[in-house]
Amino acid sequence: MLQLSSLSDIRQHTGLLRQQGQRIGFVPTMGALHEGHLSLIRAAKQQNDVTVCSVFVNPAQFNNPEDFRLYPRLLEKDAQLLAQEGCDVLFAPAAEEMYRQKPKLSFDFGDLERVMEGAHRPGHFNGVATVVSKLFHLVQPHQAFFGQKDLQQFAIIQQLVLDLSFDLELVCYPIIREEDGLAMSSRNRRLTPEQRALAPHLYQALQLLQKSLKNHSVEEAKKETEAFLRQIPEIRLEYLEVVHAQTLQPLREVSGKVPVALCLAAFLGEVRLIDNLLL
Ligand code: AMP
């Protein structure tokens with residue numbers, strides 16, 4: 001596996017691959033790789049000639065400095081895992097190289113970012129859109145692979161690709177979970193054993209909400225689910241939403257006529273986790 005860190009090297013390399021008519025599949029990540037990431041690498045490999053994975057803990061998308069400082073960084077281990085999966089190129093730039101100067105351009109995705117992650121993490125999607133745009137220009141992929149785990153991020157990137165006419169196809173893959181239902185996340189490494197044991201309640205809450213919506217209104221079902229989570233004092237719910245799965249706007253009722261997503265964010269101690277369920 002080729003490992004590159006300079007912007008000019010990756011641009012040159014993928015430019016050459018494109019000239020040779022090779023299809024490039026791209027998986028952008030922040031590292032501390034787990035099975036969720038690796039499922040995307042496998043999908044990219046299956047559908048393309050060359051697979052590129054980026055590992056970059058993007059400072060611009062962290063609204064919480066402590067979260068950035070404590071985000072797990074395991075580049076050597078990541079490189080090993082990627083090589084085992086048959087990934088062809090690992091692109092791991094330094095922040096100073098990605099941001100030689102502070103970007104002046106900023107993004108506003110309107111209603112798409114006024115809810116959930118966008119509402120609770122000011123500046124987050126601006127940072128995501130900035131780095132993803134840079135990476136798309138550098139890597140020049142034919143396809144880019146993302147996880148449903150970050151549902152709102154995928155909607156934002158779809159809008160970005162549409163608005164800026166990026167010439168690539170976006171692909172979204174399902175959430176990979178631990179055996180007890182906890183959605184895999186690099187941040188799970190930061191949980192204490194006690195917090196880790198409680199974390200599956202988040203997915204259980206989404207399952208309860210799904211069940212409850214079958215014979216209750218959205219308001220009642222949300223109340224029941226919030227009460228379920230309040231039983232665990234270590235879990236601090238930030239939001240629980242029933243939304244249209246594409247526009248991400250909150251729904252007052254679930255009629256079966258529109259695609260529905262159940263989404264939540266919650267803190268266990270200082271660790272903030274998100275999860276969602278598509279109906
Ligand atoms: P991250 O490193 O957290 O920025 O994630 C990189 C990519 O992997 C994003 O597209 C995520 O949505 C995706 N991803 C993260 N966790 C999972 C998971 N448990 N299952 C599937 N994809 C995931």
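I'll walk you through the ligand site and one helix pair in this predicted model.

Some ground rules. Numbering starts from 1 along each chain as its sequence is written, and side-chain values use heavy atoms, with hydrogens and water left out. Local features need pLDDT of at least 70, side-chain atom pairs count only at pLDDT 80 or more, and totals for chains, interfaces and linings use all residues.

OK, the ligand. It has 17 residues around it, counted when a heavy atom lies within 4 Å. The closest are M30, H37, G147, D150 and I176. Now the polar contacts, meaning pairs of N or O atoms within 3.5 Å. A polar backbone atom of M30 sits 2.9 Å from a ligand oxygen. With H37, a side-chain N or O atom is 2.9 Å from an oxygen of the ligand. And I176 puts a backbone N or O atom 2.8 Å from a ligand nitrogen. How much of the ligand does the protein bury? Taken alone the ligand exposes 480 Å², and 94% of that is buried, going by Shrake-Rupley with a 1.4 Å probe.

Who builds the shell? β2 (24-29), α2 and β5 (143-147) each give two or more residues, with helices being DSSP H or I runs of at least four residues and strands E runs of at least two. α2 gives the most, three residues.

That same α2, residues 35-47, also packs on α4, residues 75-85, at about 35°, axes 10 Å apart; axes are fitted to C-alpha atoms over the stretch in contact, and angles run from 0 to 180 degrees between N-to-C directions. On the α2 side, L38, I41, R42 and K45 meet L81, L82 and E85 of α4, contact being heavy atoms within 4.5 Å.

Notes:
A polar contact is a pair of N or O atoms within 3.5 Å; within protein, one must be able to donate a hydrogen and the other to accept it, and residues adjacent in sequence count only if both atoms are side-chain atoms.
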